[in-house]
Amino acid sequence: MISAPGKILWIGSYSVVFGGISHVIAINKRVRCDIKSSNNFIFETTYGTFKDKGNELIESVITVFKEKFGSLPPFHVKLFNDKDFQIHGKKTGLGSSSASTVALTACIYYYLFKNLNKDEIYKLAQKANYIRQKGIGSGFDIASAVYGSIVYRRFYDIEKVDSVIEPLKIGNYEMLLGFIGESFSTVNSVAKFIEKSNNEEFKKVMKYIDEENIMAIKLIKLGKIEEAIEHVKLARRFLNGLAKKIVGVEIENEKIRRLIEMAENDALIALSPGAGGESVFVLGKDLSKVKEKWEKENVIVIELKEDEGLRIEA
């Protein structure tokens, strides 16, 4: 069995789409994949059983394999998510699609070639994701699902997949996700940012955001996480202003802002990760008070730990 992790994008939200630096934390919520030979293609998943057609994610992965290697022998795949990727039928924003894409790609690759070449699997999975998302998105989540916690800059050529990736773990901190019970369309929100990307003010603010994020990552590498977080917070303030004033999107609604305020005194940082809109991520040394406060408000609290990237399960 092969598994790939979910993720938290806490540095580089939106700016990563436009070439900015980012830091992604791989988390201990995983998608697991198993495969065996069969007379027909069968894909058992968390969302039902599929044959050749009917699931865009599966179809995108099969497409890239056929393009690169020609026809495939039929097989029976089991692809299942850890439960916290979806609660009460709504996605929690922890990266189930990217983890599923990587887990499925790696499982088929291992079945065909009997090895786990992460660089090859990464390129195949990135291309599959690009097809499914119709070119929108930066691919940070695919990279993290393969390599674990990383510093990431996006690719510009999908054939070369010329992204810049550097391993960087966050270390021994507690992490929580408070899910407000509302899913958020990342693709729609990113598309609105792309529409405004030629605006001069937009470019100027994105430059400020990237400068703060670069400084934050330099400090994380030096082990100075608390100093780094001041730069992350400043970048986030720039991003919220940009989203509201120039793009016309609110990435932190009233519920999100309330959860952030409740957590701020007891966490090193509280922010809405990724594209925002559906949850609050907190990082700190002891988050028991945050958990208690959120649970009193009937918020669904998911405990997270940093995890490694793609792996073969024992």
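**Exercise 1. The two domains**

How far apart do the C-alpha centres of domain 1 and domain 2 lie? Work this out for the predicted model, and then describe what each domain gives to the contact.

Solution. Begin with the division of the protein, in which domain 1 covers 2-170 and domain 2 covers 174-304. In this predicted model, the C-alpha centres of domain 1 and domain 2 are 24 Å apart. The contact between them takes 32 residues from domain 1 and 43 residues from domain 2.

**Exercise 2. The largest nonpolar core**

Determine which residues touch the most other members of the largest nonpolar core, which helix gives the most to this core, and why the core lies between the domains.

Solution. The largest nonpolar core holds 92 residues, and those touching the most other members are Trp10, Leu104 and Phe281. The helix that gives the most to this core is H7 (residues 225-247), with 10 residues. Because domain 1 (2-170) and domain 2 (174-304) both give residues to this core, the core lies between them. As a general background to such a set, nonpolar side chains tend to be buried together in soluble globular proteins.

The next step is to take Trp10 and list its contacts beyond four places in sequence, which include His23, Ile25 and Ile170, as well as Ile225, Ile229, Val232 and Arg236, and also Ile269, Leu271 and Phe281. Apart from the largest core lies another core of 16 residues, among them Val282, Leu287, Val290 and Trp294.

**Exercise 3. The open sheet**

Reconstruct the order of the strands in the open sheet of 4 strands, identify its edge strands, and then follow the pairing from strand to strand.

Solution. The order is S11-S12-S10-S13, with antiparallel pairing. Strand S11 (269-271) and strand S13 (300-304) are the edge strands, since each pairs on one side only. On average, and with direction ignored, neighbouring strands of this sheet are turned by 20 degrees against each other.

Now take the pairs one by one. S11 is joined to strand S12 (residues 279-284) by 3 bridges, the two running antiparallel, and here Leu271 has Phe281 in S12 as its bridge partner. Between S10 and S12 there are 6 bridges in the antiparallel sense, and Leu176 stands opposite Val282 in S12. S10 also pairs with S13 in the antiparallel sense, over 5 bridges, and the bridge partner of Leu177 in S13 is Ile302. As for burial, S10 is mostly covered, with 5 of its 6 residues buried.

**Exercise 4. Helices across the sheet**

Decide which strands helix H7 and helix H8 lie across, and at what angles the helices run.

Solution. H7 lies across S11 and S12, and its angle to S11 is about 25 degrees. Helix H8 (residues 254-263) lies across strand S10 (174-179), S11 and S12, and its angle to S12 is about 15 degrees.

**Exercise 5. Three residues in their surroundings**

Is Ile269 buried or exposed, is Ile246 buried or exposed, and is Asn129 buried or exposed? For each residue, locate the element that holds it and describe its contacts beyond four places in sequence.

Solution. Ile269 is found in strand S11, and its relative accessibility is 3%, so Ile269 counts as buried under the 20% limit. Its contacts comprise Trp10, Ile229, Val232, Lys233, Phe281, Val282 and Leu283. Ile269 and Glu226 are 43 residues apart in sequence, while their C-alpha atoms are 9.0 Å apart in space.

Ile246 lies in helix H7, and with a relative accessible area of 17% it is buried. Ile246 touches Lys196, Asn199, Glu201, Phe202 and Gly241. Ile246 and Ala314 are 68 residues apart in sequence and 50 Å apart in space, C-alpha to C-alpha.

Asn129 has its place in helix H3 (residues 118-132), and at 2% relative accessibility Asn129 counts as buried. Asn129 is in contact with Thr101, Asp141 and Ile142.

**Exercise 6. An annotated span**

Which residues does UniProt list for "domain: GHMP kinase N-terminal", and what does the model show for that span?

Solution. The UniProt record, an unreviewed entry, lists residues 57-148 under this name. In the model, the span of residues 57-148 is 59% helix and 12% strand, and its end C-alpha atoms lie 21 Å apart.

Key: Residues are numbered from 1 along each chain as its sequence is written. This is a predicted model: local features need pLDDT of at least 70, side-chain atom pairs count only at pLDDT 80 or more; totals for chains, interfaces and linings use all residues. Side-chain values use heavy atoms; hydrogens and water are left out. A nonpolar core is a set of buried Ala, Val, Leu, Ile, Met, Phe, Trp, Tyr and Cys residues joined through side-chain atoms within 4.5 Å. Buried means under 20% relative accessible area, exposed over 50%, partly exposed in between (1.4 Å probe, protein chains only). Domain bounds come from an automatic or database domain assignment. Contact means heavy atoms within 4.5 Å. Two strands pair if DSSP finds at least two bridges between them. Axes are lines fitted to C-alpha atoms, for helices over the stretch in contact, and angles run from 0 to 180 degrees between N-to-C directions. UniProt positions are given in the numbering used here, feature names are shortened, and annotations may be inferred rather than shown by experiment.
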